[in-house]
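Student: I should like to know how the descriptive labels for a structure are justified. May we set each value against its definition?

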Amino acid sequence: MSPAASPAGPPLGNPAGNPAGNRSGTPAGESPDSPFRHENESRDSAPQYVLPLVVRIERAEPPLRTDALETAARAVLEILGDERSTGDGEWARAVRDWQDARIRKVVRRARGAEWRKACTLPGITVTGKAAEVRVFPPVPLDGWPRELARLQVSGTDLDDPAPPAPAGPGEPVLWMSPEVEMSAGKAMAQAGHGAQLAWWELSGEQRAAWRAAGYPLAVRTADPARWRALTGGGLPVVRDAGFTEIAPGSCTVVADHPDLPASRRRTA
């Protein structure tokens with residue numbers, strides 16, 4: 001559950017696979033504070049950080065899968081938009097360093113006393129319908145806090161008893177691939193990637209509006225025909241680095257936000 005993400009398509013000058021689209025400068029539609037503006041810098045040469053996420057999974061009442069995915073995606077947005085992550089905020093340096101490399105995310109699970117200990121560390125707890133996910137400032141790949149390092153990565157298996165309802169009109173949707181099977185923890189990390197790619201594409205004003213609304217979003221699995229249209233429509237596409245579970249280069253998520261320019265959006 002420690003993938004790196006990049007949009008699908010051939011690289012345009014950055015052999016590392018720039019997660020924001022291998023672009024230089026600040027093109028139209030991209031926020032000027034995007035961390036990805038250095039075309040010739042390899043993301044693999046930068047110090048590698050990881051964004052820790054912990055999902056609460058109690059034995060008696062585990063959350064539903066879609067609820068956990070949506071809550072994880074919102075947790076990523078919460079830390080990106082938090083004032084502590086920007087400017088001279090206490091997390092800003094770690095967040096910048098993390099975004100300047102591969103945007104690795106690792107999802108671990110906790111319950112009972114483990115969850116309570118995790119909540120004593122600096123971070124943000126995000127609650128969904130029933131799911132709870134705590135996101136922490138990025139840490140070096142080999143520098144996890146002891147309270148988090150001891151938590152399990154495997155076993156994050158969650159289900160939906162019935163297919164979720166269709167997304168609401170105008171609601172941002174993170175479309176999951178119908179072609180790639182993933183554990184719930186892996187899918188949570190991928191949904192977080194999708195939310196982050198959408199965030200990078202929005203202007204400061206659009207980000208502020210999304211934040212003020214509470215980061216509404218839906219995570220849904222696309223049907224095969226729609227998936228083909230989505231991956232070819234110019235929207236941000238997550239392409240996994242292949243560190244865990246799935247093959248390198250697999251397209252896992254398409255981020256469809258209504259504020260993306262019309263030329264970047266396509267519906268099936």
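Student: Which residues does Thr127 touch, not counting residues up to four places away in sequence?

Tutor: With those neighbours set aside, Thr127 touches Thr71, Arg74 and Glu132, a contact being defined as heavy atoms within 4.5 Å. The model is predicted, so local features need pLDDT of at least 70 and side-chain atom pairs count only at pLDDT 80 or more, whereas totals for chains, interfaces and linings use all residues. Residues are numbered from 1 along each chain as its sequence is written, and side-chain values use heavy atoms, with hydrogens and water left out.

Student: Why is Thr127 called partly exposed?

Tutor: Buried means under 20% relative accessible area, exposed means over 50%, and partly exposed lies in between (1.4 Å probe, protein chains only). Thr127 has a relative accessibility of 44%, and therefore counts as partly exposed.

Student: Where does Thr127 lie?

Tutor: Thr127 belongs to strand E3, residues 124-127; helices (H or I, at least four residues) and strands (E, at least two) are DSSP runs, numbered from the N terminus. Its C-alpha atom is separated by 9.1 Å from that of Ala68, 59 residues away along the chain.

Student: What makes Val135 a buried residue?

Tutor: Its relative accessible area is 0%, so Val135 falls under the limit for buried. Val135 lies in strand E4 (residues 132-135). Leu53 is 82 residues away in sequence, yet its C-alpha atom is 4.5 Å from that of Val135. Apart from residues up to four places away in sequence, Val135 touches Leu51, Pro52, Leu53, Ala75, Ile79, Gly123 and Ile124.

Student: Ser85 lies in a loop. Is Ser85 buried or exposed?

Tutor: Ser85 counts as buried, because its relative accessibility is 5%. The loop in question runs between helix H1 (65-81) and helix H2 (92-99). Beyond residues up to four places away in sequence, the contacts of Ser85 are Ile79, Leu80, Trp91, Ala92 and Val95.

Student: Why is Arg109 called partly exposed?

Tutor: Its relative accessible area is 22%, which lies between the limits for buried and exposed, and Arg109 is therefore partly exposed. Arg109 is placed in strand E2 (residues 104-110).

Student: How do you know that Trp210 and Tyr215 form an edge-to-face pair?

Tutor: A search of the whole structure finds two aromatic pairs. In the pair of Trp210 and Tyr215, the centres are 5.9 Å apart and the planes make an angle of 70°. Rings of Phe, Tyr and Trp (its six-membered ring) pair if their centres lie within 6.5 Å; planes under 30 degrees apart count as stacked, over 60 as edge-to-face and the rest as tilted. Both values meet these conditions, so the pair is edge-to-face. Trp199, Trp210 and Tyr215 form one aromatic cluster.

Student: Why are Trp210 and Tyr215 both called buried?

Tutor: Trp210 is buried because its relative accessibility is 6%, and Tyr215 because its relative accessible area is 1%.

Student: What places the charged end of Arg108 over the ring of Trp144?

Tutor: A charge sits over a ring if NZ of Lys or CZ of Arg is within 6 Å of the ring centre and within 35 degrees of the ring normal. The charged end of Arg108 sits over the ring of Trp144, at 4.3 Å from its centre.

Student: How many disulfides does the structure hold?

Tutor: There are zero disulfides, a disulfide being a pair of cysteine sulfur atoms within 2.5 Å. Cys119 is partly exposed because its relative accessible area is 28%; Cys251 counts as partly exposed at 23%.

Student: What makes strand E6 a partner of strand E7 and of strand E9?

Tutor: Two strands pair if DSSP finds at least two bridges between them. Four bridges join E6 to E7 (residues 218-221), and these strands run parallel. Four bridges also join E6 to E9 (residues 251-256), here antiparallel. Both counts meet the minimum, so E6 pairs with each of them. Leu174 stands opposite Val219 in E7, and Met176 opposite Val253 in E9.

Student: Which way do the residues of E6 point?

Tutor: Val173 and Trp175 point one way from E6 (residues 173-176), Leu174 and Met176 point the other way, and all are buried.
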